Amino acid sequence: MTSELYTQAAHLIEARGLHLDDAQERMLARLADWLQARMRPSAWRRRPAAGAYLWGGIGRGKSLLLAALFEAAPVASKRRVHVHALLQEVQQRMLSHAGQADPLLRVADELASEARLLFLDEFHVHDIGDAILLGRLLQPLIARGCILLLSSNYAPAQLCPNPLYHSRFKPFAELLQRRCLVLQMEAGSDYRTLGIQHWGRYLQGPTTLLAARLAHLPAAAQLLVQRRALTLRGMDERTIWLDFPALCRQPLASSDYLYLCQRFAHIAIGELPLVARCSPDEQQRLINFIDIAYDQGCELWLQAEHSLEALCAGVAHGDFFRTRSRLTQLRQEQLDCLAC
């Protein structure tokens with residue numbers, strides 16, 4: 001017997017013209033049963049888990065399922081936020097409580113009072129400082145009765161795999177395992193690669209072709225982003241054009257990329273090199289940028305002289321599988337198309 005919440009969430013998905021496979025249907029039903037019980041606890045039953053942590057391979061619909069449940073949930077105060085945006089927000093809020101006792105607890109109070117249901121999408125961490133901050137934030141959120149929805153490509157124990165930091169994050173991974181319903185999405189098709197939705201273009205050819213497409217942009221030398229100057233090719237109110245070295249070869253943070261993606265609806269990046277030849281730091285910055293641009297709904301244009309397949313070949317970075325999946329959703333245009 002399906003729950004009322006399952007039925008409503010399934011209808012929302014169907015309204016988008018999407019059809020769930022068997023594994024997705026089973027997962028949606030299980031999550032809906034949990035969330036319905038969590039919102040309506042019974043005195044004679046064991047209290048349901050404080051959150052749901054759904055993890056698994058790329059393009060399997062984790063965010064789709066949780067977003068549908070989130071939308072269908074009859075909760076007045078709820079919020080969905082990407083992990084990069086949450087980290088920036090928490091740091092900014094902590095600054096406003098500087099000089100007070102335990103600013104992070106005050107931020108947790110604010111977040112819990114603003115949203116009974118909190119959906120943290122794309123939950124993953126690489127920087128140990130961010131990992132500890134998120135871990136310390138989860139404890140008071142759970143203690144204050146906030147219902148958590150988390151999607152991730154990683155099991156909790158794999159969130160911070162660097163052996164130098166793993167022991168420091170382990171208590172927070174154990175907290176997730178202990179207080180959340182941890183579910184793994186069954187393997188199956190990567191629906192991103194099967195869909196027809198495009199969020200930008202991959203332009204294969206020389207930089208002059210991108211320049212021809214963006215000839216209308218006023219010239220702009222630099223843009224100041226949190227005290228760091230970015231060298232630009234062009235910019236107007238809606239569009240920014242810069243090259244890969246300006247975006248990824250200087251120590252920009254996720255907050256810098258979030259600023260760009262929130263300010264500009266259209267971002268063009270030229271002169272992309274083969275990613276396998278980039279340094280680990282450059283690869284991580286590109287991954288972070290693509291994550292944020294995708295989540296923020298930016299229209300992205302990427303230009304390189306080699307094919308998208310060549311761009312992505314041989315990259316060993318553990319998170320690049322997600323980036324590759326998202327890049328395949330760009331509409332690919334080659335030289336003969338651009339010349340038309």
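Here is a short tour, in numbered points, of some features to look for in this predicted model.

1. **The open sheet.** A good place to begin is the sheet, where 5 strands line up in the order S2-S3-S4-S1-S5. Their pairing is parallel, and the sheet is open. Which strands stand at its edges? They are strand S2 (78–82) and strand S5 (180–184). Each has a single partner strand, so one side of each is left without a neighbour in the sheet. On average, neighbouring strands here are turned by 15° against each other, direction ignored.

2. **One pair of strands within the sheet.** If you would like to follow a single pairing by eye, try strand S1 (residues 51–55) with strand S4 (residues 147–152). These two pair in the parallel sense over 5 bridges. As a starting point, look for Gly51, whose bridge partner in S4 is Leu148.

3. **A helix across the strands.** Next, find helix H7 (residues 166–179). Which strands does this helix lie across? They are S1, S4 and S5, and helix H7 runs at about 90° to S5. Strand S5 is also one of the two edge strands of the sheet.

4. **Leu141 and its neighbours.** Leu141 sits in helix H6. Is Leu141 buried or exposed? With a relative accessible area of 1%, Leu141 is buried, because buried means under 20%. Leaving aside residues up to four places away in sequence, Leu141 touches Ala108, Leu111, Ala112, Leu118, Cys146 and Leu148. Of these, Leu148 is the bridge partner of Gly51 mentioned above. Ala108 is 33 residues from Leu141 along the chain, yet the C-alpha atoms of the two are separated by 5.8 Å.

5. **Two helices packed together.** Two packed helices are described by the angle between their axes and the distance between the axes. For helix H11 (residues 254–263) and helix H12 (residues 280–296), the axes come within 9 Å and cross at roughly 35°. The crossing of H11 past H12 is right-handed. On the H11 side the contact is made by Ser254, Tyr257, Leu258, Cys261 and Gln262, and on the H12 side by Arg285, Asn288, Phe289, Ile292, Ala293 and Gln296. Sorted by class, this contact has 6 nonpolar, 4 polar and 1 charged residues.

6. **Salt bridges around Arg93.** How many salt bridges does the structure hold? There are 20, and Arg93 is a friendly place to start looking. Its side chain meets that of Glu110 in a salt bridge (3.0 Å, N to O). Arg93 lies in helix H4 (residues 83–96) and Glu110 in helix H5 (residues 103–114), so the pair ties together parts that are 17 residues apart in sequence. The side chain of Arg93 also meets that of Glu114 in a salt bridge (2.9 Å, N to O). That second pair links distant parts of the chain too, with Glu114 in helix H5 and Arg93 in helix H4, 21 residues apart. As for accessibility, Arg93 counts as buried at 17%, while Glu110 is partly exposed at 24% and Glu114 is partly exposed at 43%.

7. **Another salt bridge, and a network.** Arg326 and Asp291 meet through their side chains in a salt bridge (2.6 Å, N to O). Arg326 is in helix H14 (residues 320–327) and Asp291 in helix H12, so this pair ties together parts that are 35 residues apart in sequence. Both Arg326 and Asp291 are buried. Elsewhere, salt bridges that share partners join Arg79, Glu89, Arg93, Glu110 and Glu114 into one network.

8. **Two residues with positive phi.** Finally, two loop residues other than glycine deserve a look. Phi of Glu122 is near 60°, a positive value. Glu122 is found in the loop between strand S3 (117–121) and helix H6 (128–143). Phi of Arg227 is also positive, near 70°. Where is Arg227 placed? Arg227 lies in the loop between strand S7 (222–225) and strand S8 (228–231). Glu122 is buried, with a relative accessible area of 10%, whereas Arg227 counts as exposed at 84% relative accessibility.

Key:
Residues are numbered from 1 along each chain as its sequence is written. This is a predicted model: local features need pLDDT of at least 70, side-chain atom pairs count only at pLDDT 80 or more; totals for chains, interfaces and linings use all residues. Side-chain values use heavy atoms; hydrogens and water are left out. Helices (H or I, at least four residues) and strands (E, at least two) are DSSP runs, numbered from the N terminus. Buried means under 20% relative accessible area, exposed over 50%, partly exposed in between (1.4 Å probe, protein chains only). Two strands pair if DSSP finds at least two bridges between them. Axes are lines fitted to C-alpha atoms, for helices over the stretch in contact, and angles run from 0 to 180 degrees between N-to-C directions. Contact means heavy atoms within 4.5 Å. A crossing is left-handed if the near helix is turned anticlockwise from the far one by less than a right angle, and right-handed if clockwise. Ala, Val, Leu, Ile, Met, Phe, Trp, Tyr, Cys and Pro count as nonpolar, Asp, Glu, Lys and Arg as charged, and the others, Gly among them, as polar. A salt bridge is a side-chain nitrogen of Lys or Arg within 4 Å of a carboxyl oxygen of Asp or Glu.
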